[in-house]
Amino acid sequence: MTLTDLLDTLDPDAPLAQRHLWLMDALRWVRGEGEDPQASVGRVRQLLATVREDPAWLARWHRWWARFLQTVDLTPLLADFGFAPRTAFLSELGHRLRRKLLPGTPETNDITDLFGLLLPGRFDVRWLQALDTRTLEDIRLLLLSDAPTAPDPQAPSHWQATLLDALVFCVGQVSATGFASEIRGRMSHEERARRAFHALPVQAEAVRRSALRHGARSGQVRHEVNKLRRQLDVCRVAAQSVYAHLDEHGVSVGIVFRLRQLAERIVRIQQLLDCMLSEQPDRATAALLADLAQLGQDNRSIRALVAHSSGLTAAKVAERSAETGERYITRNASEYRQMLGMAGGGGAVLGLTTWVKFGVTALALSAFWAGFAAGLNYALSFVLIQLLHFTVATKQPAVTAPAMVAKLRDIQQRGAVRRFVDEVAHLFRSQIAAILGNVGLVVPVVVLISVVLVQATGAPMIDAGEASHVLESLHLLGPSALFAAFTGVLLFASSIIAGWVENWFVYYRLDSAIRYNPRFTQVLGAKRAARWAQFFRDNISGLAANTSLGFMLGLVPAFAQFFGLGLDIRHVTLAAGQLAAAAAALGPAALVDAGFWWAVAGVLVVGPLNLFVSFYLAFRLALKAQNISDVNRSLIHLALRRRLRSHPLGFFLPPRTATAAPTEDVSDIEAAWAADTRHDAMDEASRRWAEAYLARAADASAPAEDLWDRSITSPNTAPAPGTDAPAAGDDSARLTDLRTP
């Protein structure tokens, strides 16, 4: 469509849908090819230059625009667009699904629905941001100017009145969220005493009355707006105090969702005030429209909703996994021997589990009930191992990875990376000890059970046909490697379930309910109820992990079989037990059977894949939860490679003494940086930070407490107290801070 055709089709008397379709066509013409924002800006200028010479068209346009303002209220766009229509997470999830699946219509008076049709793509954000001040001023004066509606020249214009209404609506929503019992009850005592949200509506009303009485840009309004900004800062601090409560008492996705909505509404209020009082109101308005267009894109994303609302929960799950994982890392020879004993006990129990598993298979149940029985067998075995304080090697990586990443919280401190590499070595040794203990005892226990069964019944645990099937299923060249990696995903998933269940247990204070609820104390007695409460508080995570893992190992293959996926599980300890049962059934002939040794090779591959996949997934989650930058990750990788080259035995054998240390400190940041000067892979701030670190560390005369330049902070850390903060007038810095919980 040419510009002439577009202008000729403008009809202020057309039906509602046709008028809105014309506006959609006009914006589509402005976008053009949708590649160069400056080209779109040029089209806007061409449009302005053309209509400036056509008074008749301008008259028709002003009639069109007046009718548009009469039929469409702009206030919801400014006050509500980009926010959930409901305050619940699941309701917003359903709303986004409907918006994705159901098409919109231009025959609507709802500006929030129409806005998504007018500016549907991310390119709209770019060309709106590219509009220069002169073009924006021409748009306002030529196309959007108001005719006088009141004899008082100080009366707010239609746009200013809309801004004031949107401001009142936004403040009302912020106050309602702050007054919600689930938010108010979790604020700190000091913030509740300040009653920040009580004064917010009063101050917003003072701004509105001053604008109506003295003009929207008067000195009185500016004074009241400054007071409102300060009150908003107080409300923001009060809302952020809720996070401390969530961190201590458990995280709720719904509450985090509402807090983020509150923070975004405070940002919107600041933007509305900027549009009303900025020295460049046209620029502020264009920035607000671009931000709304961006929000329109983001609000179609289900992934963004889940990521933003569950990020804190993921961090808490990682933190709780870290607390559990500390128990599985050995740091000296004594702990290493203790881990061998714990793993040996777990292997012995899993030997019995293998026997029961073959017994369940012999029952020839249907797929679901066979999977359920196998899952129940695994779950009971894993819980028994937990209660006996034994361990299973493959369950450790998903909880030990967060424990290791927790060491990087203070990565800017000297020696942080060295300590982290030490933890990697400790973990690797612990995993080797656990695997040796599990496999080293599950094999003789299964063989012993087979011998006893032969003596008692005359038949081994499985017959020759089943033994051949076991060897075939574990063959190195078969799908065992894929199934082992899939099992690693299930191991990681069980750790996520464990962290979530523990967070849920803490959030609802179930340990306190068990300890003090009269229904429990009357049945159990006060002392026994207290013991049960402490037991569940200490073991709920392990119980959830073991139960969920057991049933996933049993039921997931059954469901996969139902859908024809052909997935199975390969757990190294269980696979070793099954291989031992097959060898016992085949007798000495197995040792000269090539299939047996191919199966042995398959088991040797299953173990590392179980460990690597579950560890990798947990490690990535923990890095994200701790917000470790890419720059620091590259330094960590360099440090690990240097330690592996200089002290490889440290990853396999424990130190002889608890205080033993490498003769050469090759794993600290200094060595990692010097080993591979990849300066081009770092941004300027990260490069300055690393170079300052090296300069300080090389200066032996520098005091230890002055190792870090206070003016240069790590990419992972906020500015330290006493450093330069963003200027008070820096609106972009202020809005960024408001968005960060």
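# A tour of an all-helix model

Residues 24 or more positions apart account for 81% of the contacts in the chain (heavy atoms within 4.5 Å) with a separation of 6 or more. Before you start clicking, note that this is a predicted model, in which local features need pLDDT of at least 70, side-chain atom pairs count only at pLDDT 80 or more, and totals for chains, interfaces and linings use all residues. Residues are numbered from 1 along each chain as its sequence is written, and side-chain values use heavy atoms, with hydrogens and water left out.

**The whole chain**

Start with a cartoon view: you should find 32 helices and zero strands. Helices (H or I, at least four residues) and strands (E, at least two) are DSSP runs, numbered from the N terminus. If you colour by accessibility, 47% of the 741 residues count as buried. Here buried means under 20% relative accessible area, exposed over 50%, and partly exposed in between, using a 1.4 Å probe and protein chains only.

**Stop 1: the largest pocket**

Select Trp65, Ile139, Leu144, Thr285 and Leu289, which lie nearest the centre of the largest pocket among its 44 lining residues. The space in this pocket is about 1400 Å³. On a 1 Å grid over the protein atoms alone, a pocket is an open set of points where a 1.4 Å probe fits, with protein on both sides within 12 Å along at least five of seven lines; lining residues have an atom within 4 Å of a point. Grid points are joined across faces, edges and corners, and the volume is the space filled by probe spheres set on the points.

Next, show helix 4 (residues 55-71), which gives the largest share of the lining, six residues. Colour the lining by class and you get 35 nonpolar, five polar and four charged residues. In this scheme Ala, Val, Leu, Ile, Met, Phe, Trp, Tyr, Cys and Pro count as nonpolar, Asp, Glu, Lys and Arg as charged, and the others, Gly among them, as polar.

**Stop 2: Thr285 and the cysteines**

Stay with Thr285, in helix 16 (residues 281-298). Thr285 has a relative accessible area of 17%, so it is buried. Beyond residues up to four places away in sequence, Thr285 touches Trp159 and Cys275.

Now move to Cys275, which is buried at a relative accessible area of 4%. Cys235 is also worth a click: its relative accessibility is 0%, so it counts as buried. A search of the whole structure for disulfides (pairs of cysteine sulfur atoms within 2.5 Å) finds zero.

**Stop 3: helix 14 and the loop after it**

Pick Glu224 in helix 14 (residues 219-249). Is Glu224 buried or exposed? With 14% relative accessibility, Glu224 counts as buried. Leaving out residues up to four places away in sequence, Glu224 touches Gln203, Ala206, Val207 and Ser210.

Follow the chain to Val251, in the loop between helix 14 and helix 15 (253-277). Val251 counts as buried, at 6% relative accessibility. Add Tyr507 to the selection: this residue is 256 residues from Val251 along the chain, yet their C-alpha atoms are separated by 6.5 Å.

**Stop 4: two loops with positive phi**

Most residues other than glycine have a negative phi. Select Ala364, which has a positive phi of about 55° although it is not a glycine. Ala364 sits in the loop between helix 18 (333-362) and helix 19 (367-387), and at 64% relative accessibility it counts as exposed.

Then go to His389, another non-glycine residue with a positive phi, here about 65°. His389 is in the loop between helix 19 and helix 20 (397-405) and is exposed, with a relative accessible area of 61%.

**Stop 5: Val442 and helix 27**

Select Val442 in helix 21 (residues 416-457); its relative accessible area is 0%, so Val442 is buried. Which residues does Val442 contact, setting aside neighbours within four places in sequence? They are Gly347, Leu350, Gly351, Thr573, Ala576 and Gly577. Val442 is also 9.8 Å from Ala575, C-alpha to C-alpha, with their places 133 residues apart in sequence.

Finish on helix 27 (residues 572-586), whose 15 residues reach 21 Å from first C-alpha to last, close to the 21 Å expected at 1.5 Å a residue. That expected span is 1.5 Å times one less than the number of residues. Helix 27 is largely enclosed by the rest of the structure, because 11 of its 15 residues are buried. Among them are Val572, Leu574, Gln578 and Leu579. Just after helix 27, look for Gly587, which takes a positive phi of about 80°.
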